[in-house]
Amino acid sequence: MSVRPPLPPFTKETAIQKVRMAEDAWNSRDPEKVSLAYTEDSKWRNRAEFPTGRQEIRGFLSQKWIREVEYRLIKELWVHSANRIAVRFAYEWRDQDGAWFRSLGNENWAFDSSGLMQSRHASINDLSITADDRLFKWPQGPRPVDHPGLSDLGL
C-alpha cells in the first residue's frame, strides 16, 4: 500500500502542505504522477464528469491537458478537518484555437489514513479572458515560491 504524507489528521500547516503538493503535481500535467495521489477506487465529481479509480482519473487528466493548453494552477486552503480539506483554486489555460480562459472553483477532498485522496468533488466556472488579462505567466511547471497566491492576486 502506498503512503502519501502528510497524513490525517491534518493541522493547518499539514493541510497547507498537502494543498501545495497537489498544486505542484497538477502543474506538472503528468497524469500518471497526479493519479498516484488517489486511492485505487477514488471517486470524483468534476463538472459533469464522474471518473472512478486511478485508470479513469489518468484518462480524464490526459484528455484535460490536451484540451487545456498552457495550463497553470494555483490552489489555496479554504478549511480543513481531521481527514478533509476544502480548497479554492484558479487556473489559466488556452484552447486549441488560442482563446484564453481562467477557471475558478472549489474542491472538497477526503483522505484515507495513508494520505491518499478517496474522493474529490470539484465545482468549476470558466471565464473568458484576453492574453493581456493573464496573471499566471510563470514557465510551465510548479508555481515559483515567490509568485503571489489567490488572495494576493485578488482572486
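**View 1. Strands E2 and E3 pair side by side in this predicted model.** Strand E2, which covers residues 69–80, runs antiparallel to strand E3, and 9 bridges join the two. One of the pairings can be followed residue by residue, since the bridge partner of Leu77 is Val87 in E3. The link between the strands is a hairpin, in which 3 residues lead from E2 to E3. Strand E3 itself, made up of residues 84–94, is mostly covered, with 9 of its 11 residues buried. As a general point for reading such a view, the side chains of a regular strand alternate between the two faces of the sheet.

**View 2. Strand E3 also pairs with strand E4.** Here the partner is the strand of residues 100–111, which runs antiparallel to E3 and is joined to it by 11 bridges. Among the paired residues is Trp93, whose bridge partner in E4 is Phe101. E3 and E4 form a hairpin with 5 residues between them, and in the turn of this hairpin Gly98 has a positive phi of about 95°.

**View 3. Glu70 and its surroundings in strand E2.** Glu70 is partly exposed because its relative accessible area is 27%, a value that falls between the limits of 20% for buried and 50% for exposed residues. When neighbours within four places in sequence are left aside, the residues in contact with Glu70 are Arg29, Glu92, Trp93, Arg94, Trp100 and Gln140. With one of these residues, Arg94, the side chain of Glu70 makes a polar contact from side chain to side chain, at 2.7 Å. For a sense of scale along the chain, Gly59 is 11 residues away from Glu70, and the C-alpha atoms of the two are separated by 19 Å.

**View 4. The largest cavity and the residues that line it.** The structure holds 1 cavity of 30 Å³ or more, and the volume of the largest cavity is about 60 Å³. Two or more residues of its lining come from each of the elements E2, E3 and strand E5, the last of which spans 117–129. E2 gives the most, with 3 residues. The lining includes Trp26, Asn46, Tyr71, Leu73, Phe89 and Arg120, and by class it divides into 6 nonpolar, 1 polar and 4 charged residues.

**View 5. The largest pocket, with helix H1 as the element that gives the most to its lining.** This pocket has a volume of about 190 Å³, and of the 14 residues that line it, Arg4, Lys18, Met21, Ala22 and Ala37 are the closest to its centre. At least two lining residues are supplied by each of helix H1 (12–28), helix H2 (31–35) and E4, while H1 gives the most, with 5 residues. Sorted by class, the lining has 10 nonpolar, 1 polar and 3 charged residues.

**View 6. The second largest pocket, lined by 13 residues.** The volume of the second largest pocket is about 160 Å³, and the lining residues that lie nearest its centre are Ile16, Lys75, Glu76, Leu77 and Arg143. H1, E2 and helix H4, which covers 150–153, each supply at least two residues of the lining. By class, the lining of this pocket divides into 5 nonpolar, 2 polar and 6 charged residues.

Key
Residues numbered from 1 in each chain as written. Predicted model: local features only at pLDDT ≥ 70, side-chain atom pairs only at ≥ 80, totals over all residues. Heavy atoms only, no water. Buried < 20%, exposed > 50% of the residue type's maximum accessible area, 1.4 Å probe, protein only. Helix = DSSP H or I, 4+ residues; strand = E, 2+ residues; numbered from the N terminus. Pairing = 2+ DSSP bridges. Contact = heavy atoms within 4.5 Å. Polar contact = N/O pair within 3.5 Å; in protein donor to acceptor, adjacent residues only side chain to side chain. 1 Å grid on protein atoms, 1.4 Å probe; cavity = no way out; pocket = protein on both sides within 12 Å on 5 of 7 lines; lining within 4 Å. Points joined across faces, edges and corners; volume = space filled by probe spheres on them. Nonpolar A, V, L, I, M, F, W, Y, C, P; charged D, E, K, R; others polar.
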